[in-house]
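Student: I should like to look closely at a single strand and its surroundings. Please describe its partners and the side chains linked to it in one connected account.

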Amino acid sequence: MIRFAFTRVLRHAEDRIGFLILATALALFAIQPAFAHGFKIGELEIGHPWARMTPAGAKVGGGYLSIENEGKEADTLVSVTAEAAGHVEIHEMAVKDGIMTMRLLPDGIAIPAGGEVKLAPGGYHLMLMDLKQPLKEGDSFKGTLTFAKAGTVNVVFKIEGMGGPKGTEPAHGDHTMPMPAN
């Protein structure tokens, strides 16, 4: 019965092509959430946690993500853990008077109500300290984000190449410098 209906409706090549395009679009729309790499806790949405691959012997790496606060109250990212690192620090990189500086943010990062904060190369970022092994492109590792109000959420960091996730532009001033050996 269904076959009869399809053959009657789809007699012409244009109809078949149109139906195929529609079916493909619907299928891609249906599986899109499977490709999404985000997490949610309360009113906070965490977008694409990722880390940059590291060379062999590196003891420090960088972690990045976005946090969107859909709530009416500000919150603060106060701490982060990562199974790939001994400990994680929240940092800010900035250029002032032509000098690039990086500083630890011991009180975390405020996420304004109705706002978004991006941790990205050249700005806010996570320092993955005492790496247990090199971060290899294509791998991933688990971590946790702890917020002052929303609580703790488990996330997965995908390890991307030196250029970051495909289709993104590195931030101006993002210069990867070798870390001195201890």
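Tutor: The account below begins with one strand, turns to its partners and side chains, and ends with the core.

The model is a predicted one. The strand chosen is β2, which covers residues 44-52. Its partner β1, residues 38-41, runs antiparallel to β2, and the two are joined by four bridges. Within this pairing Lys-40 faces Glu-45 of β2, and Gly-38 lies opposite Gly-47 of β2. The two strands make a hairpin with two residues between them. In the turn of that hairpin, Gly-42 has a positive phi of about 55°.

Strand β2 also pairs with β3, residues 60-69. This pairing is antiparallel too and comprises six bridges. Gly-47, the residue opposite Gly-38, has Ser-66 opposite it in β3. Gly-47 therefore has a bridge partner in β1 and another in β3, since Gly-38 belongs to β1 and Ser-66 to β3. A further partner of β2 is β11: these two strands run parallel and are joined by three bridges. Here Ala-51 of β2 stands opposite Ile-159 of β11.

The side chains add to this picture. There are two aromatic pairs in the structure. One of them is formed by Trp-50 and Tyr-64, with 4.5 Å between the ring centres and 35° between the planes, and it is described as tilted. This pair links distant parts of the chain, as Trp-50 lies in β2 and Tyr-64 in β3, 14 residues apart. Trp-50 has a relative accessible area of 9%; this is under 20%, so Trp-50 counts as buried. Tyr-64 is buried for a like reason, because its relative accessibility is 6%.

The other pair, Phe-141 with Phe-157, is stacked, with centres 5.1 Å apart and 10° between the planes. It too links distant parts of the chain: Phe-141 is in β10 (residues 140-147) and Phe-157 is in β11, 16 residues apart. Both Phe-141 and Phe-157 are buried.

Next comes the loop between β2 and β3, where Thr-54 is found. Thr-54 has a relative accessible area of 11% and is therefore buried. Its side chain reaches the backbone nitrogen of Leu-135 at 2.8 Å. Leaving out residues up to four places away in sequence, Thr-54 touches Val-60, Gly-61, Leu-131, Pro-134 and Leu-135. Leu-135 thus appears both in this polar approach and among the residues that Thr-54 touches.

The surroundings also include the largest nonpolar core, which has 29 residues. Among the residues with the most contacts inside this core are Ile-46, Leu-128 and Phe-141. The strand that gives the most to the core is β11, residues 151-160, with four residues. Leu-128 touches many parts already named: beyond its neighbours within four places in sequence, its contacts include Ala-51, Val-60, Gly-61, Leu-135 and Phe-141. Ala-51 is thus in contact with Leu-128 and also stands opposite Ile-159 in β11.

To summarise, β2 pairs antiparallel with β1 and with β3, and parallel with β11. Trp-50 of β2 forms an aromatic pair with Tyr-64, while Ala-51 is in contact with the core residue Leu-128.

Key:
Residues numbered from 1 in each chain as written. Predicted model: local features only at pLDDT ≥ 70, side-chain atom pairs only at ≥ 80, totals over all residues. Heavy atoms only, no water. Core = buried A, V, L, I, M, F, W, Y, C linked by side-chain atoms within 4.5 Å. Buried < 20%, exposed > 50% of the residue type's maximum accessible area, 1.4 Å probe, protein only. Contact = heavy atoms within 4.5 Å. Polar contact = N/O pair within 3.5 Å; in protein donor to acceptor, adjacent residues only side chain to side chain. Phe/Tyr/Trp six-rings, centres within 6.5 Å; stacked < 30°, edge-to-face > 60°.
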